[in-house]
Amino acid sequence: MEQSGRQAWVERWRCVAYMVALVTLWNKASAQIRYSISEEVKEGSVVGNIAKDLGIDKATLKDREYRIVGSSTEPLFRLNKDDGILYVSRKVDREEICERSNTCIINIKTVLENPLEIHYVAIEVMDINDHSPVFQEKEKRLEIFESTLPGARFQLQPARDPDGGQFTVQQYKLSHNEHFRLEVKERGEDRKMPFLILQKQLDREAMGEHKLLLTAIDGGKPAMSGTIEIVIVVLDVNDNSPVFTKDVYSTILNENAHPGTLVIQVNATDLDEGANSEIVYTFGKEVDIYLQKLFHIDPRTGEIKVIGIIDFEENKSYEIDIHASDMGTIPLSTDKTVIIKVIDLNDNPPEIEITSFSKSVPEDSRIGTTVALISVNDLDSGANGKVSCFIREDVPFATSPSLQDNMYAIVTKLQLNREKKSSYELTVVAKDTGEPSLSSEKTISVVVSDVNDNRPQFSVSPYTFYITENNDLIAPVFSVRASDLDDSANAHISYHIQRDSSGENVALFLNINSETGDILALKSFDFETLKTFQFQVVATDSGTPSLSSNVTVNVFILDQNDNAPVILYPVSSNGSAEGVEEIPRNVNAGHLVTKVRAYDADIGYNGWLLFSLQDVTDHSLFGLDRYTGQIRTLRSFTETDEAEHKLVILVKDNGNVSLSATATVLVKVVEPKEAFAASDVKSATKDEEENNVTFYLMITLGSVSTLFLISIIVLIAMQCSKTTDYTSKYLQETNYDGTLCHSIQYRSGDKRYMLVGPRMSIGSTIVPGSHANTLVLPDRRGTSGERSEQM
């Protein structure tokens, strides 16, 4: 009958537990799920379906790495990742987990990744009456003097019941006798202290020993009990017990007090005399061993001192029973409880735990993106246990408090830029508000991952290249280079030439290496055909989406000496460079026989022509101006001079490998009468007109000579006024009026250039911006854009 009643009680208790669990599951809006289980349940018992109660899709549990966060090597519970059900993994003993606690709650923390979610589960372990009250001793002996007056109190050993709440010791019963009665005193934490009260004075002569049975009963249904036999020995003679001077001894003590610190001094007196009044102080027999390792009492003075480590986090107060006994033959004693309250000191630094952490953060993350979750804990209490958390360095990250106490999130507070800084070392500092405050820190490494947010940049813009005509088709003629501040594929650059919408597509005769930017020419360039051209090169990275930039490339073709001089005069009817000149025999020295004219398609030195006599019948008779090509007589003709002279004129340019051409002039010397034979048949009027022509010719020659002299003077003056002598290098004689007769100096950027070429006709032009066939001169004038033309 009793067993069936007990089973019915257990069933009712389980129903209550399940109802509590259902109420907890119904309250889904709470940030914490609460379940209840009974202790001693079997391994594998279901605690609750967390996934269902939280509304989490079971199919995502594995992918999101649903797990219990904790450091226990033998956890009490395990979580099934397939269905989200929480199971008991080993025996749950409430007395082992929550010793001397009325409410036993186990808090566990579960974590979901991607996105990060943290859920707290509280499991209350319900006690069952599975332990009987137990006394430490089977027998308790008390020695009481027969002179002890009624009302004397004797503290008895309390029974210990590991169960909590109503299942702990609820009452004591004493076997019936006429001398003693039982009094139970509440001692906090559900402890009941039994005292034996003498209600009738003892008489040793009537009965020298009394045996009583003390029974401790718990509150279970059915109740469980334990017993101890109390043997009371009645003593004679010394009939006065020590008496403490205070009814209550209470004091405070700072934690971490140094060994030897005086806690309190107790004092008791005895009305007896002699040895019966000498008092010895000791700890009560019921004082736990661990208390005796923390405190020491002087048996003579009653001073209680610290001998161990006082830790507020372990115990906030101590109750120590002090036993005072006299030195009588049959000593008398009394007990008093000393209450010691421990004052908390700030002796525990905060502890930092990284709950979740993302090792890399994209540089385009929004402000407020969570990088890590951390929890802090301080074992101290009050202000000593209040913790604030921050990041020490000046970095684009900050700590943000969470809804849960002592939880913080590390978030971005500024926009990240991997190109400026690709990683950060964050020192997370947790600091309490105690005096003095304590702190701890933990370092977190955060890597900033790259996104394609930088366009390729060319090293030069625009590019300017100079290529000699007749270039090689094998080696690259020039190269362009671009760089990208991004990383990996985002920084991998490919090149291509942009098609020209105007129709002048440079891609027809240029090819670019898409990887290196080297540009090859598909044909040789001819300066005489093409002097300059321009095109665009586009650099594109490999990011997604890709970014690109372009650069303008200006190309100037440089002249080579690849054109031989062409004789313009004399030219015969069949196209050969031959001519016949007739002069009178009576001409004076310096007479202009003829002028050889030539042209070279090249410019500069390559187009600067010089004339020389390669072959002549009489070197003393004719002279050739090397610059102008004018052939003049060196002396007057004599009767012995031949009537016909052949002159071979060599015309060559000034290229490194000079090219040349020859012209042949046949000079015939005729008698004056033959030269003027036609004038004999003309009238006197005609003779007069011819004389006038001669006169005019002489005036013209004089004017030309005068202008020639003035030109020489002007050229000399200009040469003397120059600050540099670069032009004189190319115009060696100031009286030159042949093919090379002018130069142009101009500026482009930080360089000065000189263009040297043959005389240009009045209608010819020079294209500004073309650097073809130029000589680079150091800038000594300091005037940007200056141009000068010398004639």
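**Close-up 1. Eight named residues make up one aromatic cluster in this predicted model.** The members are Phe458, Tyr463, Phe465, Phe478, Phe509, Phe525, Phe533 and Phe535.

**Close-up 2. Tyrosine 463 and phenylalanine 465 are stacked.** A search of the whole structure gives 15 aromatic pairs. One of them joins tyrosine 463 and phenylalanine 465. Their ring centres are 5.5 Å apart, with 10 degrees between the planes. Both residues are buried. Tyr463 and Phe465 also belong to the aromatic cluster.

**Close-up 3. Phenylalanine 622 and phenylalanine 637 meet edge-to-face.** Here the centre-to-centre distance is 6.2 Å, and the planes stand at 65 degrees. Phenylalanine 622 belongs to strand S46 (residues 622-624). Phenylalanine 637 sits in the loop between strand S47 (630-633) and strand S48 (644-652). The pair therefore ties together parts that lie 15 residues apart in sequence. Phenylalanine 622 and phenylalanine 637 are both buried.

**Close-up 4. Two lysines place their charged ends over phenylalanine rings.** Lysine 316 has its charged end over the ring of phenylalanine 312, 5.3 Å from the ring centre. Lysine 531 does so over phenylalanine 527, at 4.7 Å from the centre.

**Close-up 5. Residues 20-31 and residues 677-686 have pLDDT below 50.** Across the protein, the mean pLDDT is 78, and 81% of residues reach 70 or more. Residues 20-31 stay under 50 and have ten contacts beyond four places in sequence. Residues 677-686 are also below 50, with three contacts beyond near neighbours in sequence. Where pLDDT is low, predicted coordinates should not be read in detail.

Notes
Residues numbered from 1 in each chain as written. Predicted model: local features only at pLDDT ≥ 70, side-chain atom pairs only at ≥ 80, totals over all residues. Heavy atoms only, no water. Phe/Tyr/Trp six-rings, centres within 6.5 Å; stacked < 30°, edge-to-face > 60°. Buried < 20%, exposed > 50% of the residue type's maximum accessible area, 1.4 Å probe, protein only. Helix = DSSP H or I, 4+ residues; strand = E, 2+ residues; numbered from the N terminus. Lys NZ or Arg CZ within 6 Å of the ring centre and 35° of its normal. pLDDT = per-residue confidence, 0-100. Contact = heavy atoms within 4.5 Å.
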